[in-house]
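Subject: Structure for your files

Hello,

Here is the structure you will be working from, with my notes on it below. Please read the two side by side.

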Amino acid sequence: MSEHAGALIRCPILSGHQQIEGLWFSCERFAEPERARLILDHWQPGASAYRFADGDLLRFARPVPVQCEASVGWPLVRQGRALCSALLDAQKTNGLPAADLWLVFGNQLRAMHLCDAAPLAPGQWIDIDSYTLLDTYDCRSVLPEPALPPPAKPADVREILGGSLLPVSPEREEVMQALLERQRNARQDASRQTSTQEKGIGANGEGPPTLWFTYGLGIAMLTGALWLGTHPSKQDAYKSVANSLTSAWFETSGVLVGIFISALLFTLLWMGWRRLKGSVSVPGNSLRSATQPVIAPRATPARYKPATWRRWLTRLTRHSGLSALYGRRQAAYMRRMLEMFENGELEEALRHAIPLGSGESSGEQAFGTPQPRKELSINQHIGPSRSIMFEQDLESHLRQIYRQTFERLDREGRIEEAVFVLAELLKVRQEALDYLEKHHRHQQAAELALAWDMPAAVIVRLLSLAGDWQRALLVARRDDAFADAVTMLEEKWPDSADRLRLEWAESLARKGLWLQAVDVIWSLPDERERAKRWLCSAEAAGGRLAIGALVKRAILLPDTLAAHGAWVEQLRNDPLRHNERAALAEALLLHKEQAGALAWLAGATMHAIISDQASGLGRLTQNQLQVLMKMSKDKLLQADLPVKALPRPAERSLRSVDSPLELRAPIMGSRAILDAVPLDGSRYLLALGEAGGLVTDASGKTLFHFPVPAQEIVLAHNRQMALVLARRDHIWRISKLDLVNRTATDLGIQTLGVFANTFDGSAWTIGRGRELRVVDVDRGFEALWHVGDLPGQVVGIKDDAQNEFLLLADHEHGGGQLWHYRLPDRRLLSRDPIPGMIHEDGRQLFSAASEVTEFRIKWNEGEEPILVLEQRGSRKGYRLPGYIGCGVEEEHLRLFLFEHWLLIGYVIAEQETRWLFIHNDSDRLCATLQWPIHEAKVRCLGADWLFFDHQGRLTHINVNEASQRNLILN
C-alpha cells in the first residue's frame, strides 16, 4: 500500500446515482462482526471479498446501480483496471502506479494490492445446522396409478369344495335367478302391453282379446266380492268360483294386468280370511361383482323396500283365495320334492330343495313356482329375500327332512353335499363352517367365510389355519381383528396363534402403540428382547408414554426398576412436575390388580401425590387415593390419611365461564408455520414447508427436527406417529414420522384428491374422484379396503377413532350423500341424501360433527350483519359485530362446526380478524380471539384448538380447561 501526495483529489467521494462494482468497509467505522454482516447482506453470486489491515473489500461480479449517499460502505467504481472510491480524470490516472484498489483519504490517494490482503470465505460464516437439506424428486415423468390387489375369481361353491359335487341337470335356472329374470321380463312385458293398449291392437293387428277377458274377469270378481259382502253364507261357494277364475286369470293375463286387478280387489277382500303362516326363503342373488380383489369388498346390506304393488298383492293373496293357484302349483312342486327325499333320490332332491328362511325374509310372497337348480351352488346373498308362504308344520317337517339328509350324507362321507344342506337349505352358515373345519377343510371354510362376509376374527382364524397368511393379515389389519382371532386360535392351534400374535405386536409397534405391543408380545419368551427395546423407546419419549412405560417395567421387569430410582426421586421432589405425578397415579390405578409389583413405585411417590391433592393440584377422588394407599402398603401413611376428602381443583371449562373471555394472539415470529398439531406433554409438531418438521416444547424451544418437507400433517390417534405431506404440482410427497424414536421414513409420492387428517398409525383413508381407499402406509400403500364407482365425487372426509364420515357430491345432477362408516370394522351404518347442490364456493359446510350445514349472510340496512345457519330443518342466526364483508360474497368469513362448538372467523379491519367461540347447546358466546392478519389457520383435535399463521404465531386453546398458551417460532 502506498500514498501519492502529488495526486491531490478535489472531489474525494462519489455522489449521485452510480454503477458501482464494489464496496469498502473501513475498520475504523465497522467492527469485524459488523463488516461480516454487511458483506453477507450485499453478497451476490460470483462476488469476492478480501480483508486488508484497514478494512474489507467486497468486489461484485457485475455492476450494481446505487444511490451513493444512501450506501452504507464506500462505493467503488471501475477506473481502468482498479476500483476507486472517487471519479478521476484520465490525466490523473495516467500518472498513478498500477494497483487493484485506490482509496481516497482526505485529498490523498492510497494504492492497495490484493496480494497484500487475505481472501475471505463468507459461506463459512453461515450456521446451517438448523437448516434442512432435502433430496428432491424429478416429478416431470408420468407416475403410474397406484395398483389395486389383483382380482380374485368369484367364490363358487363347486370350486371351493373341489368340484366334487355331482353334475346336475341343466333343466332350469336356479330359483332366485328365475324369479329375478321373471321380474325383469314382467317389466318388459308391461312396457310392451302399455304400448299395445295405447294402439288398441295386438301383435297380429287384432284387438287384445286377453286384455278384454281379463278386465271382464276383474269386473266379475269385483261384483262377486260385493255380493259376498251381503251374503256371508256364500263364502265357500265364492271361494271355489274365485279359484277357478284366478286360475284362468293368471294363465291368460300378463303380470301388470294382474297387479291392476289385485289392487282393485284388495280393499274389499282383506278382511275375514285366515292368514297362512310360515315362510320359506328363496335364494337371493349375490350382491358381489363378477371380479373381486384379494379380499372381496365387504357386502353392503341394501336398504330394501318392497314395491308398493308387491306389498299390496302379498297382503291380498295372504288374506284371500287368490293364492290357491300359485299355492297349488307350489304344493305340487313340494310333493315331488318330498317324494324324491323319501325315495332316496338325494341328488335330484337336493336340486329341487327349497331353502328355509334365515330370519331375513322381506315379507313378500314369491309367486313363481320353484324350479330345480342347475348345480348345487351355495348362495352368497346378504339381505332380505322373498319367501314362499306355507304352514308352520310344513316348515318344521322340511327342517327335519333336511337335518336327516345332512346326517345321512355325513355318515356316507359326502362332505360337499352335507355342507350344501347346512349352508343353503338349513341356512346355518356358522355350523357349515364348523363342519368343514371339523373335516380339516380349512381353505374351503375360509373361502366361504369370505364370501359370506362372516365376522373378521372367524375369517382370520380360518385363513391362518389354511396357511393363507397374506389374506389373513390383510383382513386382520383391515378390521383390527387380531385380538379375537388370537383368542380363537391359542387353545387348539398355539403355533398359529403365536405367529399371529407376533404380527399383531409388530402392527401395534408400527402404529406407535408401544406399550400395547409389549403386552401382546411378552407371552413369547423368544421375543422378549424386542419387547425390552420397545419399552426403552417408550421411556425415551417422555411425558405420559414414559410414565406408562415405567409402570409397565415395574410389572414385567421388577429387577430393573432400581436403575430408575434417581428419576423417580426427581419426579417426587420437583414441585413443578405435578402433572406427571397425576399421570403416574392414573397409570397405577389402571393396573391396580398388579398391586404387589407396583408397591415400591406407589410408596415412593405417594407422599408427593397426597401433597399435590392437598394443594388443589391433584385430580383424584378420595376412593382413588384409598386404592393408591393400599397399593403402597404403607400402613403408617394410610393411618394418617385424613378422613375428610382432600380438595380437588375446580373444573373450569370454556362453556362454563361467566362472561366471554377476551383472548389475544401472540406477537409475530420469524418462521412460517404451515400446519401444526398438539402432542402429549405440552409439545407441538409443526410443519415448516421445505424446512421440514419440528417438534417444540410449550415455550417454542426446538426439541428435535425431521429433515423432510412438510406442508400438511396427518396425526395418528395416539399422537405417537404422523404423516407429513408436501405438494409437488398434482402429486404429494409423503413421509412418516416416528415421534418416539425420532425417525423419518420417506414413503414416496402419491396422487391424492382428499384424505383424512388423522389415521390409526398404519391405515389411512384417501379418496380421489369416485373412489375411496384405505391403505397401509407401512406396506407400500397396500389397499386394505376399497370401494369404487361411488354415487358422487369424494369432496370431504372426517374421522375419529370410532367413526368415519364421507361427503359425496354429484355436481352433474345436484345434491349428494353423507356416508357414515363404523370403525375399525368399517361397516356402513347410513347413507343419507343431501338435498340441493353441494356448492364449491363454500356456502355449505361439511362440519367436524359430520353434518352438512348451509350458511349465508343476512344484511339489514343500519343493523349488524347476521350469519344464518340452516341444519336439520332448523335455522339459527348469529350477529357479527364489526364485520366488513361486502354483502354479496362470504369470502371474508370462515366457519368451523364441531360437535359442541361453532367457531366463526370474520374480518373486522384491514389487517385484523375476530374469532367467536359459541357453544352449540346454549348458543352462548364464550370467548373471542383477536388475530392480527386474515390468513390464520385452524386445527382441532378433541378439546385442543390450534391457531397459527405464516408469521410464526401459534396459540393453543383448550376448551375443557378454558386455557390459552401462546408460542412464538423464531
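Strand E15 (residues 683-687) and strand E16 (residues 693-696) are joined by 4 bridges in the antiparallel sense. Within that pair, Ala687 sits opposite Gly693 of E16. Please keep in mind throughout that this is a predicted model.

The two strands belong to an open sheet of 4 strands, ordered E14-E15-E16-E17 and paired antiparallel. At its edges are strand E14 (675-679) and strand E17 (702-706), each of which pairs on one side only. From one strand to the next, the twist averages 20 degrees.

Strand E2 (residues 17-26) has two antiparallel partners in these notes. With strand E4 (residues 55-67), E2 pairs over 9 bridges in the antiparallel sense, and Ser26 stands opposite Gly55 in E4. With strand E5 (residues 74-79), E2 shares 3 bridges, also antiparallel; here Gly22 has Leu76 of E5 as its bridge partner. E2 is mostly covered, with 8 of its 10 residues buried.

Asn94 is a residue at the other end of the accessibility scale. Asn94 lies in helix H2 (residues 90-94) and has a relative accessible area of 66%, so it counts as exposed, for which the cut-off is over 50%. Gly80 is 14 residues away from Asn94 along the chain, and the C-alpha atoms of the two are 9.7 Å apart.

Is helix H12 (residues 415-425) enclosed or open? Of its 11 residues, 11 are buried, so H12 is largely enclosed by the rest of the structure. The buried residues of H12 include three glutamates, Glu416, Glu417 and Glu424, as well as Phe420 and Leu422. After H12 comes Lys427, with a positive phi near 60 degrees.

Next, two helix pairs. Two packed helices are described by the angle between their axes and the distance between the axes.

The first pair for your notes is helix H15 (residues 456-465) with helix H17 (residues 482-489). Their axes come within 8 Å and cross at roughly 55 degrees. An angle from 35 up to 65 degrees falls outside the parallel and perpendicular ranges, which means H15 is oblique to H17. H15 passes H17 in a right-handed crossing. On the H15 side the contact is made by Ala457, Val458, Val460, Arg461, Ser464 and Leu465, and on the H17 side by Asp484, Ala485, Met488 and Leu489. Sorted by class, this contact of H15 with H17 has 7 nonpolar, 1 polar and 2 charged residues.

The other pair is helix H19 (residues 514-521) with helix H20 (residues 528-540). Here the axes come within 9 Å and the crossing angle is roughly 160 degrees. That angle is over 145 degrees, so H19 is roughly antiparallel to H20. The crossing of H19 past H20 is left-handed. H19 contributes Trp514, Leu515, Ala517, Val518 and Ile521 to the contact, while H20 contributes Arg530, Ala531, Trp534, Leu535 and Ala538. The residues of this contact of H19 with H20 divide into 9 nonpolar, no polar and 1 charged.

Regards

Methods. Residues numbered from 1 in each chain as written. Predicted model: local features only at pLDDT ≥ 70, side-chain atom pairs only at ≥ 80, totals over all residues. Heavy atoms only, no water. Axes fitted to C-alpha atoms, helices over the stretch in contact; angles between N-to-C directions. Parallel < 35°, antiparallel > 145°, perpendicular 65-115°, else oblique. Left-handed = near helix turned anticlockwise from the far one by under 90°. Contact = heavy atoms within 4.5 Å. Nonpolar A, V, L, I, M, F, W, Y, C, P; charged D, E, K, R; others polar. Buried < 20%, exposed > 50% of the residue type's maximum accessible area, 1.4 Å probe, protein only. Pairing = 2+ DSSP bridges.
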